[in-house]
Amino acid sequence: MGRLAQPVLAGVVTALVGFASSFAVVLAGLRAVGATERQAASGLFALCVVMGLVAVLLSLRHRLPISVAWSTPGAALLVSTGAVEGGFRAAVGAFLVAAALIVAAGLFPVLGRWIAAIPQPIASAMLAGVLLSLCIAPVRALIDVPLMAAPVILTWAVLTRFARRWAVPAALVVAVVAIAVSGPPGGLAGATLLPVLEFTAPTWNLSALVSVALPLFVVTMASQNVPGMAVLANYGYRAPLRPILVGTGIASGLTAPAGGHVVNLAAITAALVAGPDAHPDRDRRWIAAVTSGVGYVVLGLTAGLATAFVLLSPPVLVEAVAGLALLGALASALAAAVAAPEGREAAAVTFVVTASGLSLLGIGAAFWGLVAGGLMLLLMHRRRGRGAAPATERVGTPTEKHAGAEPAGRAVGPGRRGGYAGQRPDVS
């Protein structure tokens, strides 16, 4: 029994930290693209159950600590995108297309190589632009609802110094207490507290596909799946990429009609189950991943309650908690974007256009940020001549910085055998 206690406890901690740290981002993203209260609760429930089951199946099948999570950067992308043409049904259609692209990346490695070929400054700057609007929410909350926001931010700051992994969950607990104290009496009366599944028939239009599906696929691959593989490699695991991408892609497709956006390989929380804290014996750490999967399924039962609490609070307070959870990812994305002098102008253009939130021809800012940054990079490259571009300096992912993982000694990226190279700033 003693041999099981450590990995089981690590798995429970992983599920609690992963859920509490970012469920508010997921709910904010789904609501931003038009989901109702029930649809958002349904999406959160479906994501928890499916990603938990996929983690259990993959970990048991391969006896590896394969942790699966929802795409937190993808949810932040939905917040920055806002309402899409065609409403939530069009967003669901875009989720299905993004899921199909993830499956295709697993079946056809060339597609993954195209994603990894996006210059790191451009990909990182796009992610930073997507995250910015949420990361400034704590400042807005401190101005709009100071008595509620100040204890939340103070709790997060203190625990970031002394117990980083619990900083956001503790801030969330303080926010829940503030909501309960200041909310109207009987505020949860009439709310749907039990888990529900509400299916939405998808529709498709070009605007939603370009604004949501393509950026969601790029962000999920570059900021979750690629770093997730790198984390496992850092700890000496050779995870099978194809079944992971195909499995998470199919799982994403299953969650989409129920309101979920994307599930993927975890990155930061992956270090909690793959590292030595999970178990001294590397061959026993898969137990932690299985336990975390079961934990996510159980936590999915609280999706209705979580959604009801979010709706009771001032929207800016929920966004503030989400922004605190993403500050580390924003810092890492900005650092990676400007690390190489040769790509700074293009990265700056990408960041500014993405962060602007502009919508042109019905297409969101993330897509135009990629386009603008790519054109700027091409212009600067031509100005410097036709010589080979200098190699960009590698910048560690938040996983390495927060979890203490050693930098990977070799690339994990799409080479001839279908692996993935490079690492992107990640969140999960």
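The following dialogue takes a trainee through selected features of a predicted model.

Trainee: Let us begin with charged side chains. How many salt bridges does a search of the whole structure find?

Mentor: The general idea is that side chains of opposite charge can pair when their charged atoms come close. In this predicted model, the search of the whole structure finds 1 salt bridge. It is formed by arginine 38 and glutamate 198, whose closest N and O atoms are 2.8 Å apart.

Trainee: Which parts of the chain does the pair link?

Mentor: The two partners belong to distant parts of the chain, 160 residues apart. Arginine 38 lies in helix α2, residues 37-62, and glutamate 198 lies in the loop between α9 (167-182) and α10 (206-234).

Trainee: Is arginine 38 buried, exposed or partly exposed? I would ask where glutamate 198 falls as well.

Mentor: Arginine 38 has a relative accessible area of 37%, so it is partly exposed. Glutamate 198 is also partly exposed, because its relative accessible area is 23%, and the buried class ends at 20%.

Trainee: With which side chain does glutamine 39 make a polar contact?

Mentor: Glutamine 39, which is found in helix α2, has a side chain in polar contact with that of threonine 200, at 3.3 Å. With a relative accessible area of 12%, glutamine 39 is buried.

Trainee: How is the length of a helix such as α2 to be judged?

Mentor: One compares the distance between the end C-alpha atoms with the span expected at 1.5 Å a residue. For the 26 residues of α2 the expected span is 38 Å, and the end C-alpha atoms are 38 Å apart, so the two values agree. Helix α9 can be read in the same manner: its 16 residues reach 23 Å from the first C-alpha to the last, close to the expected 22 Å.

Trainee: Which residues of α9 are buried?

Mentor: The buried residues of α9 include Ala167, Val168, Pro169, Ala171 and Leu172. Ala175, Ala178 and Ile179 are buried too.

Trainee: What follows α2?

Mentor: Arginine 63 follows α2 and is found in the loop between α2 and β1. Its phi is positive, about 50 degrees, although arginine 63 is not a glycine. Arginine 63 is partly exposed, with a relative accessible area of 47%.

Trainee: Over which ring does the charged end of arginine 63 sit?

Mentor: The charged end of arginine 63 sits over the ring of tryptophan 286, 4.4 Å from the ring centre. A further case is arginine 282, whose charged end sits over the ring of tyrosine 237, 4.5 Å from its centre.

Trainee: I turn now to rings that pair with one another. How many aromatic pairs does the structure hold?

Mentor: There are 3 aromatic pairs in the structure. One of them joins phenylalanine 19 and phenylalanine 23: the ring centres are 5.1 Å apart and the planes meet at 15 degrees, so the pair is stacked. The two residues are 4 apart in helix α1, residues 2-32, and are therefore separated by about one helical turn. Phenylalanine 19 is buried, with a relative accessible area of 7%, and phenylalanine 23 counts as buried at 7% relative accessibility.

Trainee: How are the rings of phenylalanine 19 and tryptophan 70 placed, and is the pair stacked or tilted?

Mentor: Their centres are 5.9 Å apart and their planes stand at 55 degrees, so the pair is tilted. This pair links distant parts of the chain, with phenylalanine 19 in helix α1 and tryptophan 70 in strand β1 (residues 68-70), 51 residues apart. Both phenylalanine 19 and tryptophan 70 are buried. Ring pairs link Phe19, Phe23 and Trp70 into a cluster.

Trainee: How many disulfides does the search of the whole structure find?

Mentor: In general, a disulfide is a covalent bond between the sulfur atoms of two cysteines. The search of the whole structure finds 0 disulfides. As for the setting of individual cysteines, cysteine 48 counts as buried at 0% relative accessibility, and cysteine 135 counts as buried at 8%.

Trainee: Finally, how far apart are isoleucine 118 and valine 218 in sequence and in space?

Mentor: They are 100 residues apart in sequence, and their C-alpha atoms are 9.3 Å apart in space. Isoleucine 118 has its place in the loop between α5 (109-116) and α6 (120-135). Its relative accessible area is 18%, so isoleucine 118 is buried.

Note on methods
Residues numbered from 1 in each chain as written. Predicted model: local features only at pLDDT ≥ 70, side-chain atom pairs only at ≥ 80, totals over all residues. Heavy atoms only, no water. Salt bridge = Lys/Arg side-chain N within 4 Å of Asp/Glu carboxyl O. Buried < 20%, exposed > 50% of the residue type's maximum accessible area, 1.4 Å probe, protein only. Phe/Tyr/Trp six-rings, centres within 6.5 Å; stacked < 30°, edge-to-face > 60°. Lys NZ or Arg CZ within 6 Å of the ring centre and 35° of its normal. Expected span 1.5 Å × (residues − 1). Disulfide = S-S within 2.5 Å. Polar contact = N/O pair within 3.5 Å; in protein donor to acceptor, adjacent residues only side chain to side chain.
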